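Hi,

Here is the structure I promised to pass on. Have a look at it first, and then read on for what I found in it.

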Amino acid sequence: MNLLTQVLHLVGSGAIAYITARNLRDRRTRPALLAGFQLAESGSVPFLEALSQRAASEGDAWLAEKLAQHAEDERRHGQIFAHALKQLNKQVIDFKATQERAMQDKQREGQATDRRRSPFFDAYYKGYSREDLAPDRIDWIVFFASTHILELDAHKDFIHMANTLPDTDAASLNLKKGLLSIAQDEQGHAAYLLEAMERCLPYAEVITLVDDWRTRKVDALLAMVNRLLEKGGKFPSMARDGIPTEMSDAIDERSEEQPRLVTA
Ligand SMILES: [Fe+2]
Ligand SMILES: [Fe+2]
């Protein structure tokens, strides 16, 4: 990673952290953000479970077990956000129903409809088609490296978010505790994914790969920041069946079909 990428990474991360913290502190915008996280976390479970089964069928018991634990952790993260939404008296999103609705929409619109992809997702996985990223097809190294970066950043982001919450009410205190425990899991995910790369590749290649995906993340972050700034830094509000679009564009993409590539 060159110096410019490093600087842009900090600027991009800083902007996202600022916008996220602002939306989390403001009780009016907090539900939309929590709903986005709930969907992102729960949405990753089927993908990780499918990968775990694939690893098992390929004879890699170590990886299969790590992925199964990863899926279990993400399920728990989704539940933490669902609980936080409940504490704000907001309806928890039914992930299954959301998936089914997306499938119905797709059938209505016709299979040929190519829905707009999120700028983040597009930039991060530039050069890879949806099919390339399906759990039965994805290149293991691409999965390890891209997810390692996302998990590493999620670890830092969740700690930052926890620290911006006020200590004044039970809901905020509870959420803070939940965010810190999620952050710890994300660190564990980043670590096993790095180890998974080191099992396949020489150390120097691992470093190069991690660098490449860091650069992709910077580009993707800037694309997302641009979009958020265009919208005045506001996450769209949560309707009953609504999903905050920016947080969930990638999820929306994924939820149309069964397991999809996911973030932390
Ligand atoms: Fe997570
Ligand atoms: Fe994670």
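Let me start with one residue that caught my eye: K217 sits in helix α8. Please keep in mind throughout that this is a predicted model. Is K217 buried or exposed? At a relative accessibility of 6%, K217 falls under the 20% limit, so this lysine counts as buried. What does the side chain of K217 meet there? It makes a polar contact with the side chain of D153, at 2.6 Å. If you set aside neighbours within four places in sequence, the residues in contact with K217 are F120, Y124, I149, L150 and D153.

Now the overall picture. The protein has 9 helices and 0 strands, and along the sequence the pattern reads α-α-α-α-α-α-α-α-α. Of its 264 residues, 51% are buried. The protein exposes about 12,500 Å², and carbon and sulfur atoms supply 54% of that area. Taking the contacts between residues at least 6 apart in sequence, 78% join residues that are at least 24 apart.

The aromatic residues are worth some of your time. The structure holds 13 aromatic pairs. One of them is Y128 with W213: the ring centres are 6.1 Å apart and the planes meet at 25°, which is under 30 degrees, so the pair counts as stacked. This pair links distant parts of the chain, with the two positions 85 residues apart in numbering: Y128 belongs to the loop between α5 (119-124) and α6 (140-164), while W213 belongs to helix α8 (residues 203-230). The two partners also differ in how they are covered. Y128 is partly exposed, at 26% relative accessible area, whereas W213 is buried, at 3%.

A second stacked pair is W140 with F144, at 5.8 Å centre to centre and 25° between the planes. Both of these residues lie in helix α6, 4 residues apart, or about one turn of the helix. W140 has 15% relative accessibility and counts as buried; F144 is buried too, with 3%. Neighbours within four places aside, F144 is in contact with L63, L193, A196, M197 and C200.

Back at W213, there are two further things to look for. Ring pairs join W213 into a cluster with F120, F121, Y124, Y125 and Y128. In addition, R216 lies over the face of W213, 4.6 Å from the ring centre.

S146, in helix α6, touches members of that cluster. Its contacts, leaving out neighbours within four places in sequence, are Y124, Y125 and W213. S146 has a relative accessibility of 0% and so counts as buried. Which backbone atom lies 2.7 Å from a polar atom of the S146 side chain? That is the backbone oxygen of V142.

The loop between α5 and α6 also contains I138. I138 is buried, with a relative accessible area of 0%. The C-alpha atoms of I138 and Y128 are 9.5 Å apart, and the two residues are 10 residues apart along the chain.

Finally, the nonpolar cores. In soluble globular proteins, nonpolar side chains tend to be buried together. Here, the largest nonpolar core has 39 residues, and the members that touch the most others are L67, Y124, W140, F143, F144 and W213. Which elements give two or more residues to this core? They are α1 (3-25), α2 (30-57), α3 (61-87), α5, α6, α7 (170-200) and α8. The largest share, 9 residues, comes from α8. Another core lies apart from this one; it has 19 residues, including L33, A35, F37 and F81.

If you would like a short route through the model, begin at K217 and its contact with D153, go on to W213 with R216 over its face, and finish at the stacked pair of W140 and F144.

Happy to go through any of this with you.

Best wishes

How values were computed:
Residues are numbered from 1 along each chain as its sequence is written. Chains are lettered from A and ligands numbered from 1 in the order in which they are written. This is a predicted model: local features need pLDDT of at least 70, side-chain atom pairs count only at pLDDT 80 or more; totals for chains, interfaces and linings use all residues. Side-chain values use heavy atoms; hydrogens and water are left out. Rings of Phe, Tyr and Trp (its six-membered ring) pair if their centres lie within 6.5 Å; planes under 30 degrees apart count as stacked, over 60 as edge-to-face and the rest as tilted. Buried means under 20% relative accessible area, exposed over 50%, partly exposed in between (1.4 Å probe, protein chains only). A charge sits over a ring if NZ of Lys or CZ of Arg is within 6 Å of the ring centre and within 35 degrees of the ring normal. A polar contact is a pair of N or O atoms within 3.5 Å; within protein, one must be able to donate a hydrogen and the other to accept it, and residues adjacent in sequence count only if both atoms are side-chain atoms. Contact means heavy atoms within 4.5 Å. A nonpolar core is a set of buried Ala, Val, Leu, Ile, Met, Phe, Trp, Tyr and Cys residues joined through side-chain atoms within 4.5 Å. Accessible areas come from the Shrake-Rupley method with a 1.4 Å probe; for residues, only the protein chains shown count as cover.
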